[in-house]
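Please open the structure in a viewer and keep the selection panel at hand. The tour below proceeds selection by selection.

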Amino acid sequence: MTVRHRLFDHAWPAGEFQFFQLGFVVPDLLRAAAGWVADFGVGPFHLMPRAQSTCRYRGAVADIDLQIGVAQAGPVQIELICDHTDGHSVFTEMAARKSGNRFGFHQIATLTRDYDATIDHYLGRNHEIAAEMGHPGQRIAIIDTFAEFGFYTEVVEDKPSFRTHLAEIARTCRDWDGADPIRILTRDGYRLPDEPHPRKDAHR
């Protein structure tokens with residue numbers, strides 16, 4: 001008999017999301033995901049393909065190289081970030097602020113329907129934009145709130161397709177029976193870390 005973790009009894013939040021995600025920078029994505037599963041019962045983790053892209057970092061165009069994994073833990077999503085960027089990034093700069101430790105809790109994330117107004121709010125509070133990135137049609141900014149709170153604040157532009165993606169991950173984690181705790185997403189579904197071929201739809 002599978003015992004469901006009590007965190008998964010929480011319903012997915014309705015309406016505007018506030019602090020829908022907590023982000024952590026990790027040195028080894030597979031190991032970190034396995035730790036969350038074993039120690040906290042959070043899973044399954046969905047690991048995205050490693051991706052190289054460009055962003056604006058501290059006002060200048062910069063390359064970025066990331067791989068992330070996500071899982072739902074009650075009302076919030078846990079994001080694990082493995083930064084492979086060659087050079088400085090909004091993730092590596094944390095080391096200068098944490099006595100040389102570049103790993104650990106990095107950001108909270110919010111979802112907003114009025115991206116420009118939300119950015120203006122933070123700028124009006126004298127916070128700087130540390131980085132801007134995102135996918136075509138969706139903007140993401142990481143605001144430097146570290147001095148005041150000890151972490152950054154990520155602002156994600158609200159899009160229906162992104163909400164659908166969040167809901168699919170949340171539903172998979174809510175209904176998880178403990179099988180396949182770490183899932184490497186592929187075009188056709190997902191595969192396990194020690195298997196070369198996809199198994200099935202990642203969100204069923």
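A residue is called buried here if its relative accessible area is under 20%. The model on display is a predicted one.

**First selection: histidine 46**

Select residues 45-47, which form strand 2; histidine 46 has its place in this strand. Is histidine 46 buried or exposed? Its relative accessible area is 0%, and because the limit for a buried residue is under 20%, histidine 46 counts as buried. Add proline 44 to the selection and display the backbone oxygen of that residue: a polar atom of the histidine 46 side chain lies 3.2 Å from this oxygen.

**Second selection: strand 3 and its partners**

Proceed to residues 51-57, strand 3, and show residues 60-73, strand 4, with them. These two strands run antiparallel and are joined by seven bridges. To inspect the pairing, select arginine 56, which stands opposite valine 61 of strand 4. Then move to the hairpin that strand 3 and strand 4 form, with two residues between the strands. Which residue of this hairpin takes a positive phi? It is arginine 58, with a phi near 55°.

Next, add residues 128-135, strand 7, to the view. Strand 7 also runs antiparallel to strand 3, and two bridges join the pair. Here tyrosine 57 is the residue to select, as it stands opposite alanine 131 of strand 7.

**Third selection: two cysteines**

Select cysteine 55 and cysteine 173. Cysteine 55 has a relative accessibility of 9% and therefore counts as buried. Cysteine 173, at 0% relative accessibility, is likewise counted as buried. How many disulfides does a search of the whole structure find? The search returns zero.

**Fourth selection: the largest pocket**

Finally, turn to the largest pocket, which holds about 720 Å³ of space. The lining consists of 28 residues, and those closest to the centre of the pocket are Leu66, Ile68, Glu79, His135 and Ile140; select these five to centre the view.

Which elements should then be coloured as contributors of at least two lining residues each? They are strand 3, strand 4, strand 5 (76-83), strand 7, strand 8 (138-144), strand 9 (152-157) and helix 4 (160-174). Strand 4 supplies the largest share of the lining, with five residues. Colouring the lining by residue class gives 15 nonpolar, 11 polar and two charged residues.

Technical notes
Residues are numbered from 1 along each chain as its sequence is written. This is a predicted model: local features need pLDDT of at least 70, side-chain atom pairs count only at pLDDT 80 or more; totals for chains, interfaces and linings use all residues. Side-chain values use heavy atoms; hydrogens and water are left out. Two strands pair if DSSP finds at least two bridges between them. Helices (H or I, at least four residues) and strands (E, at least two) are DSSP runs, numbered from the N terminus. A disulfide is a pair of cysteine sulfur atoms within 2.5 Å. Buried means under 20% relative accessible area, exposed over 50%, partly exposed in between (1.4 Å probe, protein chains only). A polar contact is a pair of N or O atoms within 3.5 Å; within protein, one must be able to donate a hydrogen and the other to accept it, and residues adjacent in sequence count only if both atoms are side-chain atoms. On a 1 Å grid over the protein atoms alone, a cavity is a set of points where a 1.4 Å probe fits but cannot get out, and a pocket is an open set with protein on both sides within 12 Å along at least five of seven lines; lining residues have an atom within 4 Å of a point. Grid points are joined across faces, edges and corners, and a volume is the space filled by probe spheres set on the points. Ala, Val, Leu, Ile, Met, Phe, Trp, Tyr, Cys and Pro count as nonpolar, Asp, Glu, Lys and Arg as charged, and the others, Gly among them, as polar.
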